[in-house]
Amino acid sequence: MKEALIHQAYEIARERYAEIGIDTEKVLQQLQDFHLSMHCWQADDVKGFELFDSLATSFLENYKTYPYHVEKPNVAVVDFLELGCSLEEFKQFAASFERQGCKAVVCDIRDLQLKENGLYTKDGMRIDLIYRRAVTSDICDRKEQVKDFMEAVLSHKVCCMGSFC
């Protein structure tokens with residue numbers, strides 16, 4: 001039964017591709033003769049792909065262009081933590097910033113507190129750089145809950161990485 005559905009789906013796709021001038025049988029035949037080779041070191045590069053430290057490095061390099069930057073910023077990785085975010089991933093990003101000599105925390109965006117001289121976590125750590133994981137639509141839907149965050153960004157009391165566009 002399952003195989004029949006696969007064949008039926010292929011026939012539908014074949015007809016649709018034929019409508020735009022693509023002969024799927026010819027393409028499949030050409031793929032039979034296509035061989036991909038990789039040097040052993042290329043496979044190692046694929047397996048060894050690293051995300052967290054390189055992203056933290058890039059963020060810190062970009063942060064240096066922020067007019068109010070400090071040498072070793074305190075970093076907050078923020079989101080609405082109850083919305084199914086990847087807390088373990090956020091902790092890995094925070095650890096990457098710490099390996100670069102920064103203090104870093106993961107916190108809920110609603111817990112940030114604007115004070116006269118900056119933006120702070122509820123534990124009292126001043127934040128210089130925010131890695132915003134909260135998506136714009138969630139921020140807009142909860143704008144009353146994130147006033148301190150928004151005011152701090154708009155008044156340049158904190159640098160926020162993550163465009164609102």
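**Figure 1. The residues through which helix 4 and helix 5 meet in the predicted model.** Phe52, Asp53, Leu55, Ala56, Phe59 and Leu60 of helix 4 are in contact with a set from helix 5 made up of Glu89, Gln92, Phe93, Ser96, Phe97 and Arg99. Sorted by class, the residues in this contact between helix 4 and helix 5 comprise seven nonpolar, two polar and three charged ones. The structure shown here is a predicted model, and the distances and angles in these legends are computed from its atoms.

**Figure 2. The geometry of the packing between helix 4 and helix 5.** Helix 4, which spans residues 52-63, packs against helix 5, which spans residues 87-99, at an angle of about 60°, and the two axes are 8 Å apart. Helix 4 is therefore oblique to helix 5, and the crossing of the two helices is right-handed.

**Figure 3. Ser96 as seen within helix 5.** Ser96, a residue of helix 5, has a relative accessible area of 0% and is therefore buried. When neighbours within four places in sequence are set aside, Ser96 is in contact with Phe52, Asp53 and Ala56, three residues that belong to the helix 4 side of the contact with helix 5. The C-alpha atoms of Ser96 and Phe52 are 6.1 Å apart in space, while the two residues are 44 residues apart in sequence. The side chain of Ser96 is also joined to the side chain of Arg99 by a polar contact of 3.0 Å, and Arg99 is itself listed among the helix 5 residues that meet helix 4.

**Figure 4. Asn74 in the loop that precedes strand 1.** Asn74 is located in the loop between helix 4 and strand 1, the latter covering residues 75-79. With a relative accessibility of 15%, Asn74 falls under the 20% limit and so counts as buried. A polar atom of the Asn74 side chain lies 2.9 Å from the backbone oxygen of Arg126. Apart from neighbours within four places in sequence, the residues in contact with Asn74 are Lys103, Met125, Arg126, Ile127, Asp128 and Leu129, and among them Arg126 and Ile127 make up strand 5 (126-127).

**Figure 5. Thr121 in the loop between strand 4 and strand 5.** Thr121 is placed in the loop that runs between strand 4 (118-120) and strand 5 (126-127). The relative accessible area of Thr121 is 6%, and the residue is therefore buried. Not counting residues up to four places away in sequence, Thr121 touches Val105, Cys107, Asp111, Leu112, Gln113 and Ile127; Ile127 also appears among the contacts of Asn74.

**Figure 6. Tyr10 in helix 1 and the residues it touches further along the chain.** Tyr10 is found in helix 1, which covers residues 2-19, and its relative accessibility of 26% makes it partly exposed. With neighbours within four places in sequence left aside, Tyr10 is in contact with Thr24, Glu25 and Leu28. For Thr24, which is 14 residues from Tyr10 along the chain, the separation between the C-alpha atoms of the pair is 9.5 Å.

**Figure 7. Two partly exposed loop residues, Ser86 and His156.** Ser86 lies in the loop between strand 1 and helix 5, where its relative accessibility of 33% places it in the partly exposed class. The C-alpha atoms of Ser86 and Arg133 are 9.8 Å apart in space, although the two residues are separated by 47 residues in sequence. His156 is located in the loop between helix 7 (147-154) and strand 7 (159-161), and at 46% relative accessibility it too counts as partly exposed. The backbone of His156 has a positive phi of about 60°, even though the residue is not a glycine.

**Figure 8. The whole protein, as the setting for the close-up views.** The secondary structure of the protein amounts to seven helices and seven strands, which follow one another along the sequence in the pattern α-α-α-α-β-α-β-β-β-β-β-α-α-β. Of the 165 residues in the protein, 30% are buried. Where contacts join residues at least 6 apart in sequence, 68% of them join residues at least 24 apart.

Definitions and conventions
Residues numbered from 1 in each chain as written. Predicted model: local features only at pLDDT ≥ 70, side-chain atom pairs only at ≥ 80, totals over all residues. Heavy atoms only, no water. Helix = DSSP H or I, 4+ residues; strand = E, 2+ residues; numbered from the N terminus. Buried < 20%, exposed > 50% of the residue type's maximum accessible area, 1.4 Å probe, protein only. Contact = heavy atoms within 4.5 Å. Axes fitted to C-alpha atoms, helices over the stretch in contact; angles between N-to-C directions. Parallel < 35°, antiparallel > 145°, perpendicular 65-115°, else oblique. Left-handed = near helix turned anticlockwise from the far one by under 90°. Nonpolar A, V, L, I, M, F, W, Y, C, P; charged D, E, K, R; others polar. Polar contact = N/O pair within 3.5 Å; in protein donor to acceptor, adjacent residues only side chain to side chain.
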